[in-house]
Structure formats: C-alpha cells, structure tokens
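Colleague: I should like to learn how to read the side-chain contacts of a structure. May we go through them one kind at a time?

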Amino acid sequence: MYNADQRRFGRRVNLLRFLFVVLILFVFARSAQLQIGQHHELDRLARSQYLDDIQLPARRGQIYDRNGEPLAIAIDVPSVYANPAKVVDARAAARDLAPILKLSRETIYHKLIGDRLFVWLKRQVDPEIAVKVQSLNIDGINITKESRRFYPHRELGSQLIGFTNIDVRGLEGIEKAFDEVLTGEPQVVGTERDGRGRTVLKGGLDLEQRTRGADVFLTIDVQIQHAVETALANAVKTTRARSAMGVVLDVASGDILASGVWPKFNPNLGSKAPAYTRRNRVITDMFEPGSTLKPVVIAGALESGTVKPNAVIFCENGSYTIYDRTIRDSKPHGWLSLTGVMQKSSNICAAKIGAAMGRQKLSQWLFNFGFGNRTGISFPGESTGLMRDPSKWADVGLATISFGHGIAVTAIQLAAAYRVLAAGGMYRSPRLVKYVRSAEGEHIDVPLALERQIISRKTTEYIRDMLEAAVKPEGTGVLASVPGYRVAGKTGTAQKPDFVAGGYTSDTFIAVFSGYLPANEPRVVIIVAIDEPKTHHTGGSVAAPAFSEIGATAMRVLGVSPSQPTKTPAVALANVVENENILQVTTPSLEVVNTPGTVPSFIGLTARQAVRRYAAANTGLDLDLLGTGIVVRQEPTAGTKNTNVDRLTLMMAQLTEQGR
C-alpha cells in the first residue's frame, strides 16, 4: 500500500516537473518572440507613451532659367501653431485669437481642446498678424516659419513653371513634373510626454535645421521668354485673337529657350486663376498646321526620290478636282518649280506631291519627323497630336494632309520637326530641364536625347533655299524677315474644324509661322501660332511679324552677329496686301493725313521717323511698333478719330528696294 502511494506521488511530482518545464519553455519562447520578433513594434508603442515626432515640410528647391535667373523661390513666412496641452484656458485663447486670425471662436476652440500633439491655427500669415499673436503671450500658442512659393517674374513663363499649393506641393507645370526632386526630406522634431500625457516640445521648431530639396535649372532664357510673350501679346491685341503660343528651340542642342502662351496667369495666385489660362498650349493643344507642313512633305518626297530637286509641277491654274472635292489656290499658277511651290504656297502642287508619294510613304515620313508621337519632354499633359492610320484616310485625305489639313500637331512637335530641317536632317527630342543641383551642390545633368538621322543634309539645303524664298517679297512670309539675318520660314493658315456641323468653319482660323535663323548657320527654330485672329487671319500677316520680333531679340541675346547690311530701303514700300499665296507690294502715297483729332499716316516711315511723327501728333494713344524696317501697315488707319481708339499699332517690314 505504501509503495503504491509512493509511486502515485512520484508520478505527480514528475507531472508537475514536466508542466513546470513546459511553462518555462513557453515563457522563454514568448520572451524570445517579444524581444526578437516584435521588438520594433513594441519599442514604437513604448516610445509613443512618452515620445512623439512632428514633421515639418522641408524648404523646397528653387527653379532657375539656364543662366541662373530665379523663376521660383522659397521664402519664409510666419505661421501660427498650438500645443493644446499647454493651453490653460482654451476658451479665452480662442476669444483673443479669433479677431486677429479672422477665424471663428468655435474653430479655434475645437483645435485647442483636441488631443493632437501639434495643430496649425493659421498658416502663412502676414508678419503683422504674427506680431499681434505673439503680443498676447498665450502659453501653447507659438509662431514658426515655413516655406511659401514665390514667383519673382510673376506671369513670365507661368504655364511652363506652374505653381504649388499651401503645402508647397506642385500642382502644375515643372512644379508638378519635378515635385519629388524639388521636395526635400521633412524636418522631424522630437517631443516628449509628461506623467499626465501632456506634450512637451523638446527643441522647438528650428528653421535653420530644415533640409531642402534639389534645385532645377531649366533650358529657357528669361530674355528670350520675355520677347516671346511680348510678341504674342502684341499680336493678340493687334488682331483681337483668342489666344496665342510660341516656342523657341536651340538648333544645336534641342533645348527649349522659350515657351510662351497667351493668355497668362500669375502663379503667385495660381489656385485662383481660371483653368484655361493655366494650360501650356505649346505642349497640350493640337491644331492643323496648314502650309507649314509643306516643307516636311517636300523633304520626304525629295529624300525618297519621289520628286527631283529640279522638278516642275503644273498647278492647274488655281483649281484642281480630286474625287468630289475641288482644291484651290488663292491665286492661279501654271508651272512652278519646287521653290515656287513653297514660295507661292500652292495647295494644288502640294496635293500632287503627296499623291505621288502615296498614303503609306507620306504617313511614314510624317511619323519620322515626330508627328503622331509625344516628343518625350519632361512635362505633364503632353499631347500626341492626331495622325490617323493611313488606311483610314478619306479619299481626299491624302491630298489635304499634304497641305496641312486633316492632321493635328502641337507647337512643340512642329518645332522639333523644323529643327530637323535646320540641323542637317537630325532629329532630337526637345529638352526642357538642363540639370538638377542637389541639396549638397552636386550637378546632375539631364542628358541630351540621342539623335537619329531623318533626312540627308543635302535635302535640308534644298529645303532651306525654298524656305528663304518664301520670306522674300515675292513670298508669303516677307513680314517675318529680320534685318541683317537670312531667315528661312513658312506661313500657314488653317481653317478650324467645325465640331458641331462637321467640316470646317468659314470664319475662324489659326495663323502660323514656322522657321529658323540665320538660314546659313541656324541657331534657333521659332514657331508662332495665333488662334482665331479677327482683323487678319493669314500666317503671313498675323504670325510672321511676331516671328520677326522674337527672332531679332534671340539673335541679340545669343550674340549672333548680322551677316547682311541692315540699312532701310531708299524707296518706301507699303500696304502689304497679302493672302496665303501672294504678296502684292505697292508704293504708298507719302501725303500725311494730319487733320486735328485724327490719326496721322505713318506708312513708309522708319521707326525713328514714326516715333517723331507720333510725338508731334500728340494723339494720346498708346504706341506699339511691331517688326523692323519701315511701316507697311497701321491700325487704326490714317484719318480715324482719336476718340474711337486707345492704341496705335504700326507694323513694319524689311522690304527690298524697287524702282532703281
């Protein structure tokens, strides 16, 4: 009996030992799990009992032009914040702060009684408000400084640069495209909790300790950008156009030296600007290029052997029927050389060249020049343009596309295509950002795109001669001439599609001029497009003068010396009566209309003579001088009463001498 009891007692002891060992193993396993597997999470939870962090935005990097001119900078402005745990009387504090911050008492009170470690009361206030808040000496209410975006050039390049929100995050333009680059690491400020759970700020909000983002250096030049925007504004005012856009490319690198849009907006008030003013039309808006596409078509025809450089084409005396459509030139022509086709801008001859190439070949050449594809610049919202599959072209589509209708392009695509003609046949994607400078000062270059040969240099030389002829007095682009420089360019006038009734409208146009200079050693490509001009509508009368203004400034800024004499012709020429196909230049009457209270005549005068007559007439009108050379047209016309207008616009051109 005793032995049996002893054995049962032994089994119980062994069982207890086993359970004790299992318990110890469980404790060790659990301890290992907590200390190894869940160490970081438990440490975080433990620290959260007495520690917390506040993150403040870093100072945003700057945006500069290619020469280091600041376009977007970060300035420090005061902001009001609270540590609710330190506020003794939330109601009294809300009562005192409400009239200063122009917030309701309820709004402030609810923020002050919350359990958050840090709350903004009002951000980016005027310095006077910050001083008033500090003078209250309320425990828990403090002032710090944070970055605010400022654009020192206001509207200049606004659609290109974009803007940020109150948290200094990019919403449009480069600010959005390079937001991560411009935004630095946030400042982390440590806090502690006391025994009652109240927050104690350990070191304050040290402005100088904030990190900063990288700086972005654009390819644009402020001076050329200003010239583009001024020329566009002048063109819009003169022609009462709906909008305008212009772009300047550096031929050697493909860098975008300027990208201008009208109407503009002030990015310092970006969120308040209408959406239509914030759109970078150079990159997003599509339009039919009209006759500015003809040089590309002819280049493809020459390169493919479809036509020979010495070819002559019969232009059907101004009327040509294809299927059920009749194509017309605004002036009848018989036989024209390729240079004549370009100079007179014959739609009929362009249609014949396109027909000789065929749908597949023409579409392939347009694709090679970059149409129907994004250029690949670092900018949000870039459009691909519109180029349909050639198998879906209408019967007459081959003809109309050959002279720039039935295809839609962007200004940046057109600029890239003309750069091919100016750069010896090499295509390179445009570049908008030159380099990035890190917070540590390291330069990170944005590499140039790889070039690819599209056409031969010989073909571009043929096209250059044709485009130079188009800017001579016998061509459509004479108002694009720049004194002292050889200019190669092409006018374009396209009716706008009617999206309601179908087809094209009869009274809305987009006027375009595309070209480069100096023609002998190209430095810049310039594209100007004026949307829905009212007073005149052709590319030669509307867009060409703006091209001339921009070209003259670009040559001066880039330090390109004139290669031709710049003297004014001895015989005054005026009244440039133009259409898309021909310019007629007639000798003006030099009689001065000088009836008191009316606008005098300025036709035939040089710029200096015109300014003198303007000063002597004392009309009280604002004066705009467009282009260079002599006055060939004025708005309003001579004899108009001063009381009926408020601005005098004189359009000038450099014309060749006649009558000698």
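Modeller: Let us begin with the disulfide, defined as a pair of cysteine sulfur atoms within 2.5 Å. Before the cases, please note that this is a predicted model, in which local features need pLDDT of at least 70 and side-chain atom pairs count only at pLDDT 80 or more, while totals for chains, interfaces and linings use all residues. Residues are numbered from 1 along each chain as its sequence is written, and side-chain values use heavy atoms, with hydrogens and water left out.

Colleague: How many disulfides does a search of the whole structure find?

Modeller: The search finds one. It joins Cys315 to Cys349, with an S to S distance of 2.1 Å. The torsion about this S-S bond is about -100°, so the disulfide is left-handed.

Colleague: Where do Cys315 and Cys349 lie?

Modeller: Positions are given by helices (H or I, at least four residues) and strands (E, at least two), which are DSSP runs numbered from the N terminus. Cys315 lies in the loop between strand E11 (312-314) and strand E12 (319-322), and Cys349 in helix H14 (residues 347-357), so the disulfide ties together parts that are 34 residues apart in sequence.

Colleague: Are Cys315 and Cys349 buried or exposed?

Modeller: The term buried means under 20% relative accessible area, exposed means over 50%, and partly exposed lies in between (1.4 Å probe, protein chains only). Cys315 is buried, at 0% relative accessibility, and Cys349 is likewise buried at 0%.

Colleague: How is a pair of aromatic rings described?

Modeller: One gives the distance of the centres and the angle of the planes. Rings of Phe, Tyr and Trp (its six-membered ring) pair if their centres lie within 6.5 Å; planes under 30 degrees apart count as stacked, over 60 as edge-to-face and the rest as tilted. There are eight aromatic pairs in this structure. In one of them, the ring centres of Phe118 and Trp120 are 5.1 Å apart and the planes stand at 85°, so this pair is edge-to-face. Phe118 is buried, its relative accessible area being 13%.

Colleague: What is the arrangement of Phe217 and Tyr435?

Modeller: Their rings are stacked, at 4.4 Å centre to centre and with 15° between the planes. Phe217 belongs to strand E8 (residues 215-218) and Tyr435 to strand E16 (residues 433-437), so far along the chain as to be 218 residues apart. Both Phe217 and Tyr435 are buried. Together with Tyr64, these two residues form one aromatic cluster.

Colleague: Which charged ends sit over the rings of Tyr109 and Tyr320?

Modeller: A charge sits over a ring if NZ of Lys or CZ of Arg is within 6 Å of the ring centre and within 35 degrees of the ring normal. The charged end of Arg91 is placed over the ring of Tyr109, 4.3 Å from its centre. Over the ring of Tyr320 sits the charged end of Lys352, 5.1 Å from the centre.

Colleague: When can side chains of opposite charge pair?Modeller: Such side chains can pair when their charged atoms come close. A salt bridge is a side-chain nitrogen of Lys or Arg within 4 Å of a carboxyl oxygen of Asp or Glu. A search of the whole structure finds 22 salt bridges. One of them is formed by Arg431 and Asp255, whose closest N and O atoms are 2.8 Å apart. This pair links distant parts of the chain, with Arg431 in the loop between strand E15 (426-427) and E16, and Asp255 in the loop between strand E9 (243-250) and strand E10 (256-262), 176 residues apart. Both Arg431 and Asp255 are buried.

Colleague: Which side chain meets that of Arg428 in a salt bridge?

Modeller: The side chain of Glu451 does, at 3.7 Å from N to O. Arg428 is in the loop between E15 and E16, and Glu451 in the loop between strand E17 (443-445) and strand E18 (452-453), 23 residues apart. Arg428 is buried, with a relative accessible area of 12%, whereas Glu451 is partly exposed at 33%.

Colleague: Which residues are linked in a network of salt bridges?

Modeller: The network links Arg60, Arg149, Arg169, Glu175 and Asp179.
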